[in-house]
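User: Take one part of this model and go through it closely for me: how the inside is put together. I'd like it as one connected story rather than a list.

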Amino acid sequence: MSEPNSKPASSAAAGVPGGVDLRAVNGKKVLVCICGGIAAYKTATVVSRLAQAGAEVTVAMTEAATKFVAPLTFQALSGRAVYTSTWEHIESQDPQHIALASRADIAVVAPCTMDCLARLATGRADDVVTLIVSAIDRSKTPVLLAPSMNAVMWDQPATQRNIETLRGDGFEFIGPGDGWQACRTVGAGRMSEAEEIVGRVMGMCAGRG
Ligand SMILES: Cc1cc2nc3c(=O)[nH]c(=O)nc-3n(C[C@H](O)[C@H](O)[C@H](O)COP(=O)(O)O)c2cc1C
């Protein structure tokens, strides 16, 4: 249980590519949404690094995501409740998706599955992640998507159409990169590394003051 806050925010400046000052995220409310892909394990490092840098990290997970990494892991790393259901209101008597969406300074969906890209691109809001993201005003709060999938899934015309649509709708993207995939092939679709995602979040927070 010593992982999340083992380093004070002021001494956490090393270790992120690009020399971004980790203090940029200190005190920021970062919403981390996790979908059902193998790369969900990498998001544990994202949450841990952000928490170490002083961010208030809130995690939401699709049902599929909970099959890959237990919500308890993210609860321990963030030191906060993890949202896995649309219907179970944990902290608020108000609709929790509205409360979570409006208090976030920045949101990240990592990994963002092929299916989640499709749901977001078509304006669906029928699971806890897309429901919260649908309630975020992106003119004020940026939403960063980190796609992660097998190379064939990534190359599908439907995926590429959805990416195009989401870019046009104002979503931001990181990755995916090329490399080793869980299906034991090498190709495009591999989720960006945790440190790259953390670096981008820091940069986005720094840019917003
Ligand atoms: C072992 C396994 C690994 C999977 N990995 C991925 C993945 O990396 N990317 C992806 O888009 N879908 C992957 N899927 C499929 C998704 O889990 C599935 O489409 C699911 O419905 C996504 O739900 P979500 O978007 O609500 O999290 C995987 C499925 C299984 C069984």
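Analyst: First, a word on contacts: two residues touch if their C-beta atoms, placed from the backbone, lie within 7 Å. The model is a predicted one, with local features needing pLDDT of at least 70 and side-chain atom pairs counting only at pLDDT 80 or more, while totals for chains, interfaces and linings use all residues. Residue numbers start from 1 along each chain as its sequence is written.

Now the overall picture. The chain has eight helices and eight strands (DSSP runs numbered from the N terminus: H or I of at least four residues for helices, E of at least two for strands). Of its 209 residues, 46% count as buried; that label takes 20 or more other C-beta atoms within 10 Å of the residue's own, whereas 12 or fewer makes it exposed and anything in between partly exposed, with C-beta atoms placed from the backbone. Among contacts between residues at least 6 apart in sequence, 75% join residues at least 24 apart.

Let's go to the sheet. Six strands make up an open sheet, ordered β3-β2-β1-β4-β5-β6, and the pairing is parallel (strands pair if DSSP finds at least two bridges between them). The edges are β3 (82-83) and β6 (172-173), each pairing on one side only.

Start with β1 and β2. Strand β1 (residues 29-34) has five of its six residues buried, so the rest of the structure largely encloses it. For β2 (56-61), the count is also five buried out of six, so β2 is largely enclosed too. Six bridges link β1 to β2, and the two run parallel. Along that seam, valine 32 has valine 59 as its bridge partner in β2, and cysteine 33 stands opposite alanine 60.

Alanine 60 also leads you to the edge of the sheet: its C-alpha is separated by 4.4 Å from that of tyrosine 83, although the two are 23 residues apart along the chain. Tyrosine 83 lies in β3. Why does tyrosine 83 count as buried? Because it has 25 C-beta neighbours inside 10 Å. Leaving out residues up to four places away in sequence, tyrosine 83 touches Ala60, Ile90, Gln96, Leu100 and Val128. Helix α2 (residues 71-78) lies across β2 and β3, running at about 170° to β2 (axes are lines fitted to C-alpha atoms, for helices over the stretch in contact, and angles between N-to-C directions run from 0 to 180 degrees).

On to β4 (residues 106-112), where you'll find alanine 107. Alanine 107 is buried because 26 C-beta neighbours sit inside 10 Å. Its C-alpha is 5.9 Å from that of valine 32, and the pair are 75 residues apart in sequence. Beyond its neighbours within four places, alanine 107 is in contact with Leu31, Cys33, Val133, Ile136, Thr141 and Val143. With the same sequence neighbours left out, valine 108 touches Val30, Val32, Cys33, Leu144, Ala146, Ile197 and Val201.

Several of those names come back in the largest nonpolar core, which has 62 residues; Val32, Cys33, Leu50, Val108, Val109 and Val201 touch the most other members. (A nonpolar core is a set of buried Ala, Val, Leu, Ile, Met, Phe, Trp, Tyr and Cys residues joined through C-beta atoms within 7 Å.) Helix α8 (residues 194-208) gives the most to this core, with seven residues. In soluble globular proteins, nonpolar side chains tend to be buried together.

At the other side of the sheet, two bridges join β5 (residues 143-147) to β6, again in parallel. Leucine 145 has phenylalanine 173 of β6 as its bridge partner.

One backbone detail to check while you're in there: the peptide bond from alanine 110 to proline 111 is cis, with omega near -5°, and proline 111 lies in β4. Another cis bond runs from glycine 175 to proline 176, with omega near 0°; proline 176 is in the loop between β6 and β7 (177-180). Most peptide bonds are trans.
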